[in-house]
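Me: I've got a two-chain model open and I'd like to quiz you on it. Ready to go through it piece by piece?

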Amino acid sequence: MKEKPSKPIIKDPWENLKEFTNARIALGSTGNAIPLKEVLQFKFAYAHSKDAIATELDVVMLKTKIQSWDYPVWEVKSQVSDRSEYLKRPDLGRKLDAESEVLLKRNTGTFDIIFVLADGLSAGAVNRNALPLLQLLLPQLDGYSIGFVTATMARVALGDDIGSALNAKFVALLIGERPGLSSPESMGIYTTFAPKLGLTDERRNCISNIHSNGLSHQQAASLVGYLIRQSFAKKISGVDIKINLKELLED
Amino acid sequence: MPYTYTIQQKVYSFPDLKSVLAKASPFRTGDALAGLAAESNMERVAAQFVLSEIALKDFLNETLIPYEEDEVTRLIMDTHDAIAFQEISGFTVGDLRNWLLSHEVDSQKLTQIAKALTPEMVAAVSKLMRNQDLIAVAQKCEVVTQFRNTIGKKGHLSVRLQPNHPTDDLRGIAASIVDGLLYGSGDAVIGINPVTDSVDIVGDQLKMMDEIRQRFDIPTQICVLCHLTTSLELLNKAPMDLVFQSIGGTEKTNASFGIDLSMLKEAYDGALELNRGTLGNNLMYFETGQGSSLSANAHWGVDQQTCEARAYAVARHFNPLLVNSVVGFIGPEYLYDGKQITRAGLEDHFCGKLMGLPMGMDVCYTNHAEADQDDMDNLLTLLGVAGCNFIMGVPGSDDVMLNYQSTSFHDALYVRKVLNKRPAPEFETWLHNMGVLDDTGNRLAVEPSHRLLKNL
């Protein structure tokens, strides 16, 4: 009778250390290689991240819901024509296409706050996280006049173009972040007071890492509410507003 | 000075040296984004013909970025070794390529002429070289540096153990350090990228790592990759082996990183005074990467690979222990896919080595680039053949703090095995004594009672 070959995998006797980190430690080995089970886990996470980049903003769903809340909502896109160009030409992703610009300029108004829902590098993150977060945030914003924009093929700075076309006092842009293996559907929020073309990062505040294993909707909504109150009080955004994440979240 | 080249009655014109360099570059998205890339394959090859005939001397007469307006240009010009240059002063860029590949040019010769070469000359010749040329010449270079061990000797390949944690949790970082050490990594440096660049957090990380290093008597060095200003504050308050900084190839790029040459000098001098190295005094650790100057809007119309080579002039002024390009981290708008990342990685390694730097590489990609683990296996193997001094070691390739993929501890064992490379000699002896590797470089089975697993 043939003996079943022994398994070549050497286990690492420090799996208990995984308690302290989500890094891929104590994977074990076969020869010098990572055991297949772990290789496939990695590929699974990678596939999830790659697919997240290809997801599209669910504009119909987002608009329907926002309209049911009785806010105006417009649909715009950047000058980028497809996903491949999006990745190669960040400059075009920061500018509204002609039609979108005309649409917004026709609706220039007296908005205090414009929320932009933008696809970025993970539209799924926005489809999943934007509305639940807004439902927690909007009740804090009585007295502000508010409008919404959905934006596709968008980079962060497209918010400046949108804000200035609508003549808004403040823009908060909710956008899908670059997917990591452990956070494929992560949303970020960038806020700008007095948006105009050509602003750089130091004029924006950023809340990052909003996803199921990161910042919760409630935490993110409190932070955005805080940034809105600070920005309207000081009439500025960016590095001049100090935000102590740890203190705010522990409150 | 303007240049022209005629192919089949069509005249290709280039207004100056920097446009020849940009248009002669193998295609990459970053140069296209900057509007500097050749507009056709014919224009690219015309630029390469022109470049092959430009005399090396001309690079000393025509600066790409004005001497008066850029301190990196001043550093390059003021430290050029005119005596060593005599041997190659009659060469064109094309002659240099052929000479570098000839058998008469060996490791010693390459060391002699390193400071005769400006970064622009090195970038220029790389643009005329195929990948195998970049590998063949780099393999002839030997750049050895020392702090508590010896890095870069032929036949050796070291690893930076990169134990990052998404919230800077010290126990989480320590867990990854133990994992890496038990896989034979950590001889280049044990180096953390902190989430929060503050004096308190960085200081605590240094103390924790120094305690591990001393408790197990590990012949290596530790580093937190914080900003230079944080290091300056910590020089006398925490166990600081190496000083880290990201650098670029123009004064404006460095300004965007919040540094200049005088700050680098202050930190270098300060760290030298600490006298913590036991075998040598190479103590600076620099990271670079193509695209940083364009990203900072600080490129002066110079292509991204030439800007990168200029960063190496900054690095070599401070006798670093380690320099690596973070080649695939920057994203697809600069390096689109596995092909472009591979080419850039080989260029950066070649240019750094030719200029006399202890060049390593973060063989890496982000998820929005068209690249995967197979591309990284290819580049890792090519760089191993080229004699790369060190690579990164990240648990399972997945950096859970920076959200990108680099090489793993397992990858390091793979490349050492297939190319018959060994860790830094002092570290290799330690690995044997600790029962991590056997004499053939294979891992030994680790018992739960292993010293490194106790009392952490």
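Reply: Sure. One thing up front on the annotations: UniProt positions are given in the numbering used here, and annotations may be inferred rather than shown by experiment. Also, this is a predicted model.

Me: Which residues does UniProt place under the feature "binding site"?
Reply: The entry behind this is an unreviewed one. In chain B, it puts the "binding site" feature at Pro194(B), Gln245(B), Ser295(B) and Met401(B).

Me: Is Ser295(B) buried or exposed?
Reply: Ser295(B) sits in helix α16 of chain B, which covers residues 292-295. A residue needs 20 or more other C-beta atoms within 10 Å to pass as buried. Ser295(B) has 21 such neighbours, so the verdict is buried.

Me: Where in chain B does Met401(B) lie?
Reply: Counting C-beta atoms within 10 Å, Met401(B) has 24 others around it, so it is buried. As for the chain, β13 (398-399) comes before Met401(B) and β14 (404-405) after, which puts Met401(B) in the loop between β13 and β14.

Me: Which residues does Met401(B) touch, not counting those up to four places away in sequence?
Reply: Set the sequence neighbours up to four places away aside. What remains for Met401(B) is Asn164(B), His165(B), Pro166(B), Asn193(B) and Val195(B).

Me: Which residue points the same way as Gln245(B) from strand β8 of chain B?
Reply: β8(B) runs over residues 243-246, and all of them are buried. Phe244(B) and Ser246(B) point one way. Gln245(B) points the other way, together with Val243(B).

Me: What is the bridge partner of Ser246(B) in β9(B)?
Reply: β8(B) pairs with strand β9 of chain B (residues 284-288) in the parallel sense, over four bridges. On the β9(B) side, Ser246(B) is matched with Glu287(B).

Me: What radius of gyration does chain B have?
Reply: Chain B holds 21 helices and 14 strands, and 56% of its 456 residues count as buried. Its C-alpha atoms fill a box of roughly 75 × 45 × 45 Å along the principal axes. A compact globule with 456 residues would come out near 23 Å, and chain B agrees with that at 22 Å.

Me: Over to the other chain. How many helices and strands does chain A have?
Reply: Going from the N terminus, the elements run α-α-β-α-α-β-α-β-α-β-β-β-α-α. Tally them up and chain A has eight helices and six strands.

Me: How much of chain A is buried?
Reply: The C-alpha trace of chain A spans about 85 × 45 × 35 Å along its principal axes. Out of 251 residues in chain A, the buried share is 44%.

Me: How far apart in space are Ala118(A) and Ser212(A)?
Reply: Ala118(A) belongs to strand β2 of chain A (residues 113-120), and it counts as buried because it has 29 C-beta neighbours inside 10 Å. Its contacts beyond four places in sequence include Val126(A), Ala151(A) and Leu173(A). Ser212(A) is 94 residues away from Ala118(A) in sequence, and the C-alpha to C-alpha distance is 19 Å.

Me: How many residues does each domain of chain A bring to the contact between domain 1 and domain 2?
Reply: Chain A splits into domain 1 (15-52) and domain 2 (55-250), with 34 Å between their centres over C-alpha atoms. On the side of domain 1 that touches domain 2, there are three nonpolar residues, three polar and one charged. The contact takes nine residues from domain 2 of chain A, and from domain 1 of chain A, seven.

How values were computed
Residues are numbered from 1 along each chain as its sequence is written. Chains are lettered from A and ligands numbered from 1 in the order in which they are written. This is a predicted model: local features need pLDDT of at least 70, side-chain atom pairs count only at pLDDT 80 or more; totals for chains, interfaces and linings use all residues. Helices (H or I, at least four residues) and strands (E, at least two) are DSSP runs, numbered from the N terminus. A residue is buried if 20 or more other C-beta atoms lie within 10 Å of its own, exposed if 12 or fewer, and partly exposed in between; C-beta atoms are placed from the backbone. Two residues are in contact if their C-beta atoms, placed from the backbone, lie within 7 Å. Two strands pair if DSSP finds at least two bridges between them. Domain bounds come from an automatic or database domain assignment. Ala, Val, Leu, Ile, Met, Phe, Trp, Tyr, Cys and Pro count as nonpolar, Asp, Glu, Lys and Arg as charged, and the others, Gly among them, as polar. The radius of gyration is taken over C-alpha atoms; the globule rule is 2.2 Å times the number of residues to the power 0.38.
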